[in-house]
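Morning, everyone. I'll take you through one model today, from the ligand shell outwards. Please have the structure up on your screens.

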Amino acid sequence: MSSFSKSPWIIHYDASSCNGCDIETLACLTPIYDVERLGVINTGNPKHADIFVVTGAVNEQSKAVICNIYHQLPEPKVVVAVGACALSGGIFSECYNISGGVDSVIPVDVYVPGCAARPEAIIDGVVQALGVLEKKQKEMTSLANSLDQALYLRAEKSDAPEILALQKTAYQSEAEIYGDDSLPALQQTLEELQKDFERPEQVFIKTVVNGKIIGSVRGHTVDDTACISRVIVHPYFRGRGIGRRLVEEIEKTFPNAKRFEVKTGHKSERNLFQFRHHGYQEFKTEPFTPAITWVYLQKERK
Ligand code: SF4
């Protein structure tokens, strides 16, 4: 944690600001305020950042970019909304293409008011963000230390927002493998996922530790085949046997299935290894995009 408190790395995104708040944000880096002397680095790579600073309101174009950047930040991460527009849409809130403040698309941890927000207020927001970051780091450590108490339970429709957020975080590594973020798991909306929960044949299992969902899988039956998909584990907790247990648990929920089927991308070595380990064997491939080919695997019930 000392590395965070001494040198937090920040990524800044202008969602649709008038540039007033952007100028004040960049002013924090100029010689008058010079936050770099405190170890605060403004990076252009979300994968290197701890804190996501967003200025401006959310519009139709910036919505997807905000979500994309947010899900690429490693855990733990903190979001700071800077300026009235980022807080609520501000003076643009009634424009035809504005959907609101940053918290209309991603969770916001620190709100910095002002029009424009003053550099002193922005620096204060980053200091608050460090406190939030430290708290989140402690929570992650506590979860990691409690994995032996993980529960594998049926998920309900009310879990959909948490599962979708986990899915988008978990699938970033897949998008990176293929250099393609058109994966259905990354494009799925909350409404679509909620509809999946309403399908009577669909079953969702979740892994819960200290009340937080850190893993999930879903499946449904077609005749005597159980189709299993989206074995997702939070990247922070991978390599601890959660994915293996999720596959075992979902298989148990289909006691009448004579056959199990899964699919994954052709370069997803981790998934392919895991399914082969469970006795699945490849039986067909299907092109999905120029970059991604689905590999289908199956196994018979023993
Ligand atoms: S809060 Fe004011 S200065 Fe900041 S982006 Fe909005 S209109 Fe511009």
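First, a word on classes: Ala, Val, Leu, Ile, Met, Phe, Trp, Tyr, Cys and Pro count as nonpolar, Asp, Glu, Lys and Arg as charged, and the others, Gly among them, as polar. Two housekeeping points. Residue numbers start from 1 along each chain, as its sequence is written. This is a predicted model, where local features need pLDDT of at least 70, side-chain atom pairs count only at pLDDT 80 or more, and totals for chains, interfaces and linings use all residues.

Now the ligand. How do the residues of the shell divide? Seven are nonpolar, six are polar and none is charged. There are 13 residues around the ligand, and Ser17, Gly20, Gly83, Cys85 and Ala116 come nearest. Here, near puts the C-beta atom, placed from the backbone, within 6 Å of the molecule or strand. Helix 2 (20-27) and helix 4 (84-88) each supply at least two residues of that shell.

Ala116 has another feature. The peptide bond from Cys115 to Ala116 is cis, with omega near -5°. Ala116 sits in the loop between strand 7 and helix 5 (119-145). A second cis bond joins Glu75 and Pro76, with omega about -5°. Pro76 lies in the loop between helix 3 and strand 5.

On to the fold. The protein has 11 helices and 14 strands. Those are DSSP runs, numbered from the N terminus: helices are H or I with at least four residues, strands are E with at least two. The C-alpha trace spans about 70 × 45 × 35 Å along its principal axes.

There are two sheets to look at. Strands pair if DSSP finds at least two bridges between them. One open sheet has five strands in the order 2-1-3-5-7, paired in parallel. Strand 2 (41-42) and strand 7 (110-112) are at the edges with a single partner strand each, so one side of each has no neighbour in the sheet. Strand 5 and strand 7 pair over three parallel bridges. Ala81 stands opposite Tyr111 in strand 7.

Two helices lie across strand 1, strand 3 and strand 5 of this sheet. Helix 2 does so at about 145° to strand 3. Helix 3 does so at about 170° to strand 1. For those angles, axes are lines fitted to C-alpha atoms, for helices over the stretch in contact, and angles run from 0 to 180 degrees between N-to-C directions. Contact requires C-beta atoms, placed from the backbone, within 7 Å.

Which residues of helix 3 (residues 60-72) are buried? They are Ser62, Ile66, Tyr70, His71 and Gln72. Buried needs 20 or more other C-beta atoms within 10 Å of the residue's own, exposed 12 or fewer, partly exposed in between, with C-beta atoms placed from the backbone. Their cover includes strand 1 (9-14), strand 5 (78-82) and helix 6 (160-170).

The other open sheet has seven strands, in the order 8-9-10-11-12-14-13, with mixed pairing. Strand 8 (151-154) and strand 13 (281-287) are the edge strands, each pairing on one side only. The twist averages 25° from one strand to the next. Strand 8 and strand 9 (residues 203-209) pair antiparallel over four bridges. Arg154 has Ile205 in strand 9 as its bridge partner.

Last, the loops. Asn19, not a glycine, has a positive phi of about 90°. Asn19 lies between strand 1 and helix 2, and is exposed, with 12 other C-beta atoms within 10 Å.
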